[in-house]
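These are my notebook entries on one protein chain. I wrote down what I looked up, in the order in which I looked.

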Amino acid sequence: MNKYKLSMLVIALAALSSCAPKQSSSVTMSKEVLMDKIKGGWAGQTIGCTYGGPTEFKYSGSMIQDYIPLEWNDCYIKWWYENYPGLYDDVYMDLTFVDIIDKLGIDAPTDSFAKAFAYAPYPLWHANMAARYNIRHGIMPPESGHWRHNPHADDLDFQIEADFAGLMCPGMPDTSSDISDKIGHIMNYGDGWYGGVFVAAMYTMAFIHNDVNTIVTEALKTIPAESNFYRCIADVIRWHKEYPNDWKRCWFELQCKYSEDRCCPNGVFNNFDIDAVINSAYIVTGLLYGQGDFNKTIEIATRCGQDSDCNPASAGGILATMLGYSNIPEKWMVSLREVEDMDFSYTTISLNKLYDMSFRHALQMIEKEGGTVDEDNVTIAVQTPHAVRFEECLPGLAPYKLQDFTFNRKNVSLEQFSPYTFDGKGIVIRSSTRYPADMKDYEAEIDISIDGKLMETVLIPGSADNMHNRNELYYNYELEDGTHTITCDWKNRIPGAEIFIKSAILYR
C-alpha cells in the first residue's frame, strides 16, 4: 500500500471513530498527501474552467443536451492560455488574494486585499466591477459589496474566487468562513457571499472526507438555515435522494423553483442568471450525481448551463481535492502538464508556483488553529462547521417592471431620458457610454436628483474595457413607496461624449 492510500485509510478510520456527524477532533496526514490534495484543488479548477469555457452563458435557462459535444484534446488548456486567457478570471482573481497572503501573511488586513483587487490590471464584470468602482471612489469593504452600493451583490463573483480560502484551511471550515467574511464582502453580500462561504467550506471538507455527499452536507452547515441559499442546496440534496439516477430531473426542479434572479440588473426579467444560488446548486448537482467520478462530475456541472465554466471549475476543484492530484484521470493531465510552468495572465504565478504557495499557507494555518506540523506529517485540529450570520439582499423588495429604452436597436440618450417618472421603492438605471477616443481619462459628472433633492453626483468613466467602468448610471433601493421623478444633470459635458440609457428596473 502506497503512502497516499495509507494516509487516506488513517483519515477514514479517524472519521469512523466518532459519532454522527462523522467527524474527528483531529486528523493526521502526511505532507505528501496534503500537497497532493492542494495540487488537486488547483488542477481540478483549471481543468473544469477550461472544459466549460466554450459554453459559458451560451445556455441560459436551458441545459446542454447530450448530443451537443463538449470538446477536449491534449493541447486544449494551452490553447486557452494563449488565445483567451481571460477565461481564467476565477483563477487569477484567487491569485490576487493568494499573493497578498504570501507577501503580508495569513492575517493580512482587508484593505490590502481590496486595494490589490481594485487596482489589478485585469478586466472585471458584475459584482467585482461594481466593487472596484466603489473602492476607487472611496467606498471600502464591507460597504463595497453591500446591496446598497452594489446592485450585483447576489452575483456569484466571490463564489468563483473562494477556492483559495478552502485550500488554505484543510478541515477548518470556520476558519475559511472567517477569511470569506473578510474578503467576500469586498464584492458580495447575502446569497452572493454565501456562495463563496459554501464553496470554500466544501474544499475544507474535501481534505478529511472521502464521500461527496458528506462534503456537501457538512459544508452546508456553514450557511444559515433561514436563507434562500440554504433552502436551495438542501432541496438539491433532497432531489438527489428522490431521483438518484436522473440529474436532469433535479435540474428541472431547480429551474421551477430557483431560476429567478431579482438582483443582478442584467438578469432581472431575463433568462440570464449569474445569481450565486442557482449556480452553486449546479456545482452540487455535478458533485452529487457525479458520484466521485471526475469526468462525470465536471460534465454534469457544465451541462447544467449558465456559468458553465466556473461551475465545473468549482466542482472539479473540490472533487480533485478529495481525490488528490495523483488520481485525476490522465485524459486531463496531458493538457494540464503543458501549462503548469506558464504564468496565468495578469500574474507572475504559474500553477507550480501556486501549489507551493497554497501549501505554505495551509501549513501556517494548521499551526495557527491548534494543529501541528512536523518533518513528515501534519495533524489538523478539525473544526465542526457553524453557520455564519444571516444576510439578505434587497429585503422585502421585488422587481415589478422593466422599461426598455432600446428602440430599433438605438438606446435613448441621457437628455431624452431625463426627467423620468416612476412608481416604486427602488430603481436601477442601466447605461452605456461613448466618449471621444482621446478622452480616455474623462469621467462624466452627473447630478442625480429625485423629487428635486440631490441624491448623488455620479462619476461615469469612459473605459470600454471593463477596467473601471460603471454599467449602472444610478441605483437606489430605499425610496419611500410612491411616485417619484428622477432628473440627471450632466455637469461637464464635452463635445462628442454620449451617455445612453438601456433600461430602468423598478422595485416595490
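**Entry 1: the whole chain**

I began with the overall size. For 508 residues a compact globule would have a radius of gyration near 23 Å, and the protein chain has 23 Å, so the two agree. This radius is taken over C-alpha atoms, and the globule rule is 2.2 Å times the number of residues to the power 0.38.

I noted that this is a predicted model, in which local features need pLDDT of at least 70 and side-chain atom pairs count only at pLDDT 80 or more, while totals for chains, interfaces and linings use all residues. Residues are numbered from 1 along each chain as its sequence is written, and side-chain values use heavy atoms, with hydrogens and water left out.

Along the principal axes, the C-alpha atoms fill a box of roughly 75 × 45 × 45 Å. I found 18 helices and 13 strands in the protein chain; helices (H or I, at least four residues) and strands (E, at least two) are DSSP runs, numbered from the N terminus.

Of the 508 residues, 59% are buried. Buried means under 20% relative accessible area, exposed means over 50%, and partly exposed is in between (1.4 Å probe, protein chains only). Among contacts with a separation of 6 or more, 77% are between residues 24 or more positions apart; a contact means heavy atoms within 4.5 Å.

I also looked up the charges: there are 43 positive and 69 negative side chains, and the centres of the two sets lie 2 Å apart. Lys and Arg count as positive, Asp and Glu as negative, and His and the chain ends are not counted. Each charge is placed at NZ of Lys, CZ of Arg, CG of Asp or CD of Glu.

**Entry 2: strands**

I then turned to the pairing of strands, where two strands pair if DSSP finds at least two bridges between them. One open sheet has 3 strands in the order S1-S3-S2, with antiparallel pairing. Strand S1 (26–30) and strand S2 (372–373) are at the edges with a single partner strand each, so one side of each has no neighbour in the sheet. S1 is joined to strand S3 (residues 377–381) by 5 bridges, and Ser26 has Ala381 as its bridge partner in S3.

Which way do the side chains of strand S7 point? They alternate along residues 420–424: Tyr420, Phe422 and Gly424 point to one face and are buried, while Thr421 and Asp423 point to the other and are not. In a regular strand, such alternation between the two faces of the sheet is what the side chains do. S7 runs antiparallel to strand S12 (residues 482–490), with 5 bridges between them, and Thr421 stands opposite Thr485 in S12.

Just before S7 I checked Pro419, which lies in the loop between helix H18 (414–417) and S7. The peptide bond from Ser418 to Pro419 is cis, with omega near 0 degrees.

Strand S9 (residues 443–450) and strand S10 (residues 453–461) are antiparallel and joined by 8 bridges. Glu445 stands opposite Leu459 in S10. The two strands form a hairpin with 2 residues between them, and Asp451 in the turn has a positive phi of about 55 degrees. Asp451 is partly exposed, because its relative accessibility is 47%.

**Entry 3: helices and loops**

In helix H8 (residues 173–184) I listed the buried residues, among them Pro173, Thr175, Ile179 and Ile183. The buried residues of H8 pack against helix H4 (89–104), H5, helix H7 (163–167), helix H9 (191–206) and helix H17 (351–368).

Is Ser314 in helix H15 buried or exposed? Ser314 counts as buried because its relative accessibility is 2%. Not counting residues up to four places away in sequence, Ser314 touches Gln159, Asp163, Val199, Tyr203 and Ile283.

Glu338 is in the loop between helix H16 (330–337) and H17, and is partly exposed at 36%. Leaving aside neighbours within four places, Glu338 is in contact with Asp74, Cys75 and Lys78. From Glu338 to Tyr76 there are 262 residues in sequence, but 9.5 Å in space, C-alpha to C-alpha.

Last, I looked at Gln291, in the loop between helix H13 (276–290) and helix H14 (294–303). Gln291 is not a glycine, yet its phi is positive, about 55 degrees. Gln291 counts as exposed, with 51% relative accessibility.
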